[in-house]
Structures are given as C-alpha cells and as structure tokens.
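Visitor: I am new to this structure and would like to learn how to read it, one feature at a time. Could you show it to me and begin with the strands?

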Amino acid sequence: MSEWEAMAARLAAGEATLLGLWGEPGRVHLAALEDADAAPAIRHLSRDCPDGRYPSIGRLHPAAIRLERAARDLYGLEAEGAPDRRPWLDHGAEPTAYPFLPVTGAGLHQIPVGPVHAGIIEPGHFRFTCDGETVVRLEARLGYAHKGVEALLAGADLPAAARIVGRISGDSTVAYAIAFARAAEAALGTAPPPRAAWLRGLLAELERLANHLGDIGGICNDAAFALMQAHCAALRERVLREAAACFGHRLMMDAVVPGGLAVDLHTGGAVRLLALIAELRARFRGLVRLYDGTVSLQDRTVGTGIVRAGLAARFGAGGYVGRASGRGFDARRTPGYAPYDSLAFEVPTRAQGDVNARVWIRIEEVTESLRLIEQILDRLPEGPVHAKMAAGAGEGIALAEGFRGDVLAWVRIEGTTVARAHLRDPSWFQWPLLEAAIEGNIVADFPLCNKSFNCSYSGPDL
Amino acid sequence: MFRTLLSGLRPPLAEPPVPDTELAALGAALDAAARRRLGRGLAIRAVDAGSCNGCELELHALGNPFYDLERFGLRFVASPRHADVLMVTGPVSRNMRAALARTHAAMPAPKWVVAVGDCGAGCGVFADSPACLGSVAKVVPVDLTIPGCPPPPARLLAGLLALFGRR
C-alpha cells in the first residue's frame, strides 16, 4: 500500500484529520494531522500523477470529496474511485444545468434559493427538498465566486501574491495573510522579527473580535431580534475604526506580508486599543445578559441546527462550528505559533452543537480575544517589523487560526516568484455540515442556521 | 430584560447619528437630492458578482448606527423587482455573469447601476483572471463607480450622493 493510500485508510479510521487536498498540473497534494503524533506537525504528502490520476481519498473519507472535485476542475486530475464525479468550481457554459442529487418521496417539494440572495450576501445556490415546512435535504451548490485565484498566484512575485491572498476571503484577510506569510517564510527560511509576530497576533485578534461581534448580532437578527444586531454592529464598527486608526485599514488588508508586517502600530495605537478594550468589555457584558435572558430569542437558537460531535470530528470542522460540537482544535494551540505559544488563553468548547452553542463559543472567544490583546500590548517587543526575505527556492506549509477556523497555506517559491500556492479555507469542512445541521429543521430556520455557520463563499470558491 | 434593554439603549451606545461633520453635510445633500429624484425613498439591490466579501462587509456597515443609511430614505431590498439601484461588487466571475445579467433585467426602469470597489471598477487584483470578466461594466451598463478595496462606508455614501448629483 502506498503512503497515499495508507493515509486514506487512517483518515477513514479517524486516526488522522484532513487539513487539505489540492492539485497542480500533474501533481496532487494532501495535508493532515495525525492523532498519534505526540507533538502534532502538519503531514504533507504529494504524488505525481503522470497519467492525471490518483487514488481517491473521498472514496473512504467524505471530507475530501469536494476538494477532489475542485482539483479535477482546476487541473484535470481524476480521483480514481471518487464517489461524486460532478464538477464543482467549473460551472461550464450553462450555469443552471447541474445534476442535483435526486430526492424521492411522497409529497416532497423543492425550493431553489440563490445564487442571488435576499440580503447583502455572497453568491451560492441552496436546493431545499421539503416535506411541508420541514427540510428533508439541503444540497448546496457553490463556486459562483470562483476567481481563478491559484492561476493568478502561479508566477506572481511575493508582494503581488500576498495582495491576492489577502483577498481570497476578505473577512479573514489577516488570517490568510498570516498563513501565507508563515508558509513563505518556512519555504525560504526567513524568520520575521519578534515584534512582527506579536503584532500579527494583535491583528488576528482584532479581526476575530470584529467578525464575532458582527456574527452575534447577525445571528440574533436572523431570529428577528434586531436590537442585538444594532448594538453589536456598533461595537464592530468601533473595532474597525480603531483598526483603521492603528494600522491604516479598516479590515487590516495588506498589513501582514511575508517577512513581517508592512506597517507598524501607529503612534498612540496602544493607548487607543486599551481604551477600546475597556469600552467593549463594559458594553458587551450587558449584551450577553440580553442574549441569555431573552426567552423568545433562546427559543429560536436552542436546539436548532444541531451538528453531531462525530460529524464535526470526521470532517475536521474548525472554529466555532467544530468547538460548538466538542472539537477543541485550534491552530493557535496545535501546532501552535508565535505569539500564542507565550500567551494565556482558553479554547472554549460545548457539546450541544446547536445555534445557541455556536453563539456562546463566539461570546467566549470575544472575551478571550480581549484578554489576548491586553497581553500582547503589555508585552509587545520593540524593534523592526520586517525582515528581508531570503532569496532562493523552497516549499512551505502553515496553519493560521482565523475567526472561522484554521486556514491552511502551502506555497512553492522559485527565485522571487510563487511557482504554486494553495490556500484552504476553513469553510471547506463546514459547508457540508450545514447540510446535515438543517435536516429536520423548518425552512424558516435556515437563515439562522446559515448565519450561525457564517461560512465563506469566496474562500472555498477560490 | 427591560432594564437591560433600556439601559443598553441609553447614550452613548446609541451614538449621535452623524459623528463626522463631513458625513452630516453629505447626508443633508443626499437627502435633498434623493427626495427630488425619487420622492421619499430609494431602493437598492446588492449583488455579489464574485467579490472577496470585503465590499459586502462595508455595505453591511452602512446599516449600522454610525451610518444608518435608512435615515436618508436609502434601503436595501430583497428583490430586484423593488429596486431602483443595483450595487454590484466583485470582478464578475464567469459563474456569476448570467445571474448578474438576469438580476439587472428583472429591475424596472428607470434604474441605475453602481459598480462597487476596485474589483467592480475593473482595477482590482482579479481583473486579469481568465475566470473573471474583469469589471461590472462588461455585463451591465454602469452609471457610477465607487473605487476602494473595499470602499469604506463613508465613501459608499458619498458615491450614492454623486449618483444623484449627476442626474
């Protein structure tokens, strides 16, 4: 049995967790974490596919199915034995011609939704099959935001590549930039200065804060509790304004680059951020009480959209989706990276796996992010924020923990340009779980469930 | 719950509606122009044509208590049938081309199109991708472009003002 097939067996047996599967012309790659490793490191396998074929991982391990479909669309690599051979990112010339999986039964009807949705939302299509009000099956069709990211990255110089990577999923621009920078630094053996590593942590926690605040409000809004949305959106705006004041951009795009940071914390930034933390703490406390004490809201979120723990573990779902279903994985801990290895923080988990649990994970992570920012500001090293990248060739892989979960970055650098790169969004392993979570719920609860996942469309659409 | 609710609503959480004087002037002008043109309101339909979702975040922010675009009579609507203005983000991925064209076709005239962000304008990082058409104007007629990556909410409001000022 080849190393590749042995890994497929371990993934299927639940002894390893899939981190990604991707292609390049004539070659397929896989990354995983092995449970047996005492000090978990990313295992990276790759194999040549001279005839364009490789043994399917998805055949044994469903979490790989969509990744294999994407690799086939992008590079023509055939996963032998793959259970689902439909295209994924390639919509062809006739976008409405797509063979959804058949659903049969008496009295069932279908509701097609998207790709243009009712709100300000990314594009995707949801095909609901319903029995009265109850969803029997949801099948999502994504790929509408496919932008040819990997083709643009191939041949780009490092600064240009970093700009593209920062726009694969705009809400996670910092996390993507950190993952890519760390992969590039590993490839060329460059270490960023200590101050840069610490400021990256600061940026990442600000991004997490802003997104979690937006999500908590958004979830409540989808349960028709607009008051929470108004308050949370105001707090989110405060974070974005401070981010702009401290780093020059509301979403902190292009701040993190290979070698360190493109921008240092602006003068007076630490004082501003400490004031922000005090303000958020004071205001957030009341909002948590409001969430917890509003029975009509709890009635919507508790017991809705349950993801079973076994499924979350099998798909290696990261972020609040995994943690709300008992999977405590956090890339800041495992494999871990600076500055988190010298900071104190909790990774909250819950067992219920419902919308309420996903809200609570976010609530607790807001509190943890505030603690982390305080610690970083307290111990922020002095010094430069950028080191010149060494020239040369190499390959690097890294994980970074975004607000939504772990982002995987792999890059091969030749000279001063990116030969190939791949970024794996956390949503790859969360979207399929949404289809399971909605089963047996009413159609009207879909927006609530969907927002509690808040998966990225652009990120996995590449 | 009422106590929490009411104490939470008290200032300063509910910020003064317009914190920046620039925004105040902008809002006043937009209000006058919008009323002249469309009476009491303007309905906006947003379509993401392959954006990275950065522009969506800032379009969302227009609704927060700091910008509160509904006080100008501007609001996002759920159907293109109800819309006067189509705000389009993204470099128009090939996979969104048909959906964008059909959304535009579904809007009643008179209608205006705003291309949002560097991608919509055709100068973003994905403009030259073979998987994208490259700009909103390649698919639907564009009346106004609001550049930025992403354009901050204040600029989005200013852009809507420019749309009215021109016509």
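Guide: Two strands count as paired if DSSP finds at least two bridges between them, and strands (E, at least two residues) and helices (H or I, at least four residues) are DSSP runs numbered from the N terminus. Here strand 6 of chain A and strand 7 (residues 125-131) of chain A run antiparallel and are joined by 6 bridges, and within this pair A:Pro112 stands opposite A:Arg127 in strand 7 of chain A. The model is a predicted one, in which local features need pLDDT of at least 70 and side-chain atom pairs count only at pLDDT 80 or more, while totals for chains, interfaces and linings use all residues. Residues are numbered from 1 along each chain as its sequence is written, chains are lettered from A and ligands numbered from 1 in the order in which they are written, and side-chain values use heavy atoms, with hydrogens and water left out.

Visitor: In what order do the strands of the sheet 6-7-8 pair, and which of them stand at the edges?

Guide: The sheet is open, with 3 strands of chain A in the order 6-7-8 and antiparallel pairing. Strand 6 (108-113) and strand 8 (134-141) of chain A are the edge strands, and because each has a single partner strand, one side of each is left without a neighbour in the sheet. The twist from one strand to the next averages 20°, where axes are lines fitted to C-alpha atoms, for helices over the stretch in contact, and angles run from 0 to 180 degrees between N-to-C directions. Helix 14 (residues 431-438) of chain A lies across strand 7 and strand 8 of chain A, and runs at about 165° to strand 8 of chain A; contact here means heavy atoms within 4.5 Å.

Visitor: How many residues lie between strand 11 and strand 12 of chain A in their hairpin?

Guide: The hairpin has 4 residues between these two strands, and A:Gly405 in the turn has a positive phi of about 145°. Strand 11 (residues 392-401) and strand 12 (residues 406-415) of chain A pair in the antiparallel sense over 10 bridges, with A:Glu414 as the bridge partner of A:Ala393.

Visitor: Where should I look for unusual backbone geometry?

Guide: As a general idea, most residues other than glycine have a negative phi, and most peptide bonds are trans. A:Asp254, although not a glycine, has a positive phi of about 65°, and its place is in the loop between helix 7 (226-247) and strand 9 (256-257) of chain A. A cis peptide bond joins A:Thr334 and A:Pro335, with omega about 0°, and A:Pro335 is found in helix 12 (residues 332-336) of chain A. In chain B, the peptide bond from B:Ala109 to B:Pro110 is cis, with omega near 0°.

Visitor: What does the contact between chain B and chain A consist of?

Guide: The contact takes 49 residues from chain B and 51 residues from chain A. The area buried between the two chains (the accessible area, with a 1.4 Å probe, that two parts lose on being put together, summed over both) is about 3800 Å², of which carbon and sulfur atoms give 66%. A salt bridge is a side-chain nitrogen of Lys or Arg within 4 Å of a carboxyl oxygen of Asp or Glu, and the count between chain B and chain A is 1: the side chains of B:Glu58 and A:Arg250 meet at 2.5 Å, N to O.
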